[in-house]
Amino acid sequence: MRSFLARQAVRLVVGVFGAALIAAAISAIGAPHAHGLAPFFFAAVGRLVHFARGDLGQSAISGLPVLQVLAGSVPQTLLMVLEGACLALVAGLPLGLLATVGPTRRATAPLVQIVTATPVFCAGLALAYGAVHLLHWPVSVNMPVGASVSPDQALQIAALPVVAVGLAGAAAVQLALRRAASEASGGAFRSGLKRLGLSAFEIERRFVLPQVLAGLVASAGEIMMALLSAAVVTEWVFHQSGVADLFVKSVALADWNMAAIVVFIFACLTFVAEFAGRIASRMLASEGRP
Amino acid sequence: MTSAPEAPAPLLRAILRGVGWCGLGLIMVTVFLSDFLARAPAGWTDATVMLSPPSPAHPFGTDLLGRDMLSETLHGLAQTGGHALLGALVAILCGGLFGAVAARLPRPLAFSLRGTLGVLATVPALLLAILLIGLTARFYAPLVAGLAAAPLAFVRAFDRVEVDSTHSEYARATGIPTMTLLRRDLSYEFHEMLGSVAARALAAVTIIVSTASFLGFGAEPPARDLGLMIAAGKATYLAAWWTAVFPAAALVILILFARLAAGLGEGERP
């Protein structure tokens with residue numbers, strides 16, 4: 001286990017360093033006098049050194065330090081991703097486990113195909129339409145800037161983006177569960193355990209379930225990517241001003257330094273989720289090993 | 001409680017793949033005939049029928065500018081389908097094919113490439129696409145969408161080759177040249193999976209292209225694109241649902257057929 005942890009830690013460090021290199025290269029695009037291969041290379045190295053010292057530079061749009069701008073937008077996106085992740089697990093896990101039961105699995109397969117074929121922006125707009133026409137909720141999709149709303153309405157407005165991100169996460173959880181269940185079905189231990197006198201339910205509960213859950217947490221990086229991608233689109237659809245919205249505006253206005261740091265943050269979040277997922281998966285899988 | 005799902009029956013899987021390819025074929029025919037099937041040329045407006053609901057005269061209704069939504073959806077499908085095909089080709093070449101080839105390069109180079117593209121694969125493809133479009137131009141959006149989908153395709157193809165597999169070790173030990181191994185990989189593994197890889201790339205690139213257009217990084221007006229049409233319909237769809245529903249349905253159908261054609265297994269992502 002110790003060597004496994006060490007290997008995963010090295011993977012994490014190398015991955016984060018790789019992400020920093022890519023971020024430095026993106027940031028160097030906006031550096032003055034970085035035209036040509038050699039000047040660009042030196043600009044990228046210079047940016048990397050600055051990043052290592054904790055100096056993330058300034059936003060080309062606002063002129064404010066990047067850290068200050070990020071402090072205003074990162075928490076909002078992280079909160080949305082976190083709430084979305086909770087929703088994805090609360091909704092996706094029980095549904096996923098139910099949907100992998102023999103006959104239900106076949107019946108739900110077409111539905112899963114259709115749901116996962118729907119782009120997040122279409123799902124977000126459909127959600128907003130349903131909220132307006134079925135629940136009579138106000139939505140921020142076409143709301144004028146600065147419109148006054150009551151605290152109840154503000155809560156309803158804030159809930160929809162979280163639900164949209166959560167649904168995208170739930171779809172990713174569903175896929176990860178199905179994949180894990182499919183892999184666990186190939187295990188040769190079932191017949192052996194049956195011969196030992198264990199009931200089918202006991203085999204499922206004590207040996208298969210930990211493996212399926214291990215497969216789910218092993219896909220934590222993939223689920224995190226799905227949540228982050230959904231956050232980018234959702235913030236745009238629902239006019240939320242988080243880090244994903246900041247990224248889209250930074251690229252549109254050629255603020256490469258800001259865009260580079262956002263890419264770095266997103267890559268780091270995925271790496272950390274992958275790292276934690278692999279370790280948790282290993283622990284769960286060893287619990288359920290027959 | 002989970003029970004072990006059985007592997008999908010080969011016949012059922014083959015039928016679903018067949019349905020997917022037939023659907024894609026139908027969409028391709030529709031795309032080729034879009035100018036003939038559409039009742040009005042792209043962007044043609046009629047100010048007398050603004051936001052008209054679906055009717056025999058306009059089966060998909062009209063939008064805020066009085067454009068026939070059926071014609072516009074057909075033109076948009078042609079544009080999105082064409083762009084997605086181009087992007088999918090780039091994703092196959094720069095992702096799937098390059099990944100299979102890179103796995104047989106000298107080990108330090110192969111694993112350096114795997115590491116670099118592995119890092120890029122941790123950034124959501126949509127973000128990469130937006131970044132690359134920002135660095136180039138919206139005109140290159142289809143190519144860029146393919147490039148954005150390539151890192152993940154590269155990693156999958158690289159890992160599928162199994163550099164350290166027993167057959168590779170035996171081949172190396174017996175002096176079989178790397179080029180022979182590469183030819184074997186391409187002819188046995190990549191060749192067999194080409195249809196699936198292509199359909200999978202098409203599904204992934206369609207989502208990227210349309211989302212980028214929706215966010216304002218793809219097709220530029222007056223060109224029609226399903227993502228752009230949905231973005232335009234966003235202003236009115238709460239009162240006039242048909243301005244967004246029909247382009248969204250066309251988009252979902254295109255992605256769904258591509259996913260079915262890919263024959264994705266349990267829980268596989270495009």
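Here a colleague quizzes a modeller about a predicted model of chains A and B.

Colleague: What makes B:Thr73 and B:Phe246 part of a contact between helix 3 and helix 10 of chain B?

Modeller: Residues count as touching if their C-beta atoms lie within 7 Å. By that test, B:Met69, B:Thr73, B:Gly76, B:Leu77, B:Thr80 and B:Gly81 in helix 3 meet a set in helix 10 that includes B:Trp242, B:Phe246, B:Pro247 and B:Leu254. The two axes come within 10 Å and cross at roughly 35 degrees.

Colleague: Why is that crossing of helix 3 and helix 10 of chain B called right-handed?

Modeller: The word is used if the near helix is turned clockwise from the far one, and the crossing of these two helices of chain B is right-handed.

Colleague: How many residues of that helix contact are nonpolar, polar and charged?

Modeller: They divide into 8 nonpolar, 5 polar and no charged. Gly counts as polar, so B:Gly76 and B:Gly81 go with the polar ones.

Colleague: And what makes up the side of chain A that touches chain B?

Modeller: The contact takes 56 residues from chain A and 43 residues from chain B. Those of chain A divide into 39 nonpolar, 12 polar and 5 charged.

Colleague: What makes A:Val263 stand out in the largest nonpolar core?

Modeller: That core has 168 residues, and A:Val263 is among those with the most contacts inside it, along with B:Ala149 and B:Ile208. Helix 6 of chain A gives the core its largest share, 18 residues. Core members must be buried, with 20 or more other C-beta atoms within 10 Å, so A:Val263 passes that cut-off. Leaving out residues up to four places away in sequence, A:Val263 touches A:Ile22, A:Ala23, A:Ile26, B:Val123, B:Leu127 and B:Leu131.

How values were computed: Residues numbered from 1 in each chain as written. Chains lettered and ligands numbered in written order. Predicted model: local features only at pLDDT ≥ 70, side-chain atom pairs only at ≥ 80, totals over all residues. Contact = placed C-beta atoms within 7 Å. Axes fitted to C-alpha atoms, helices over the stretch in contact; angles between N-to-C directions. Helix = DSSP H or I, 4+ residues; strand = E, 2+ residues; numbered from the N terminus. Core = buried A, V, L, I, M, F, W, Y, C linked by C-beta atoms within 7 Å. Buried ≥ 20, exposed ≤ 12 C-beta atoms within 10 Å, placed from the backbone.
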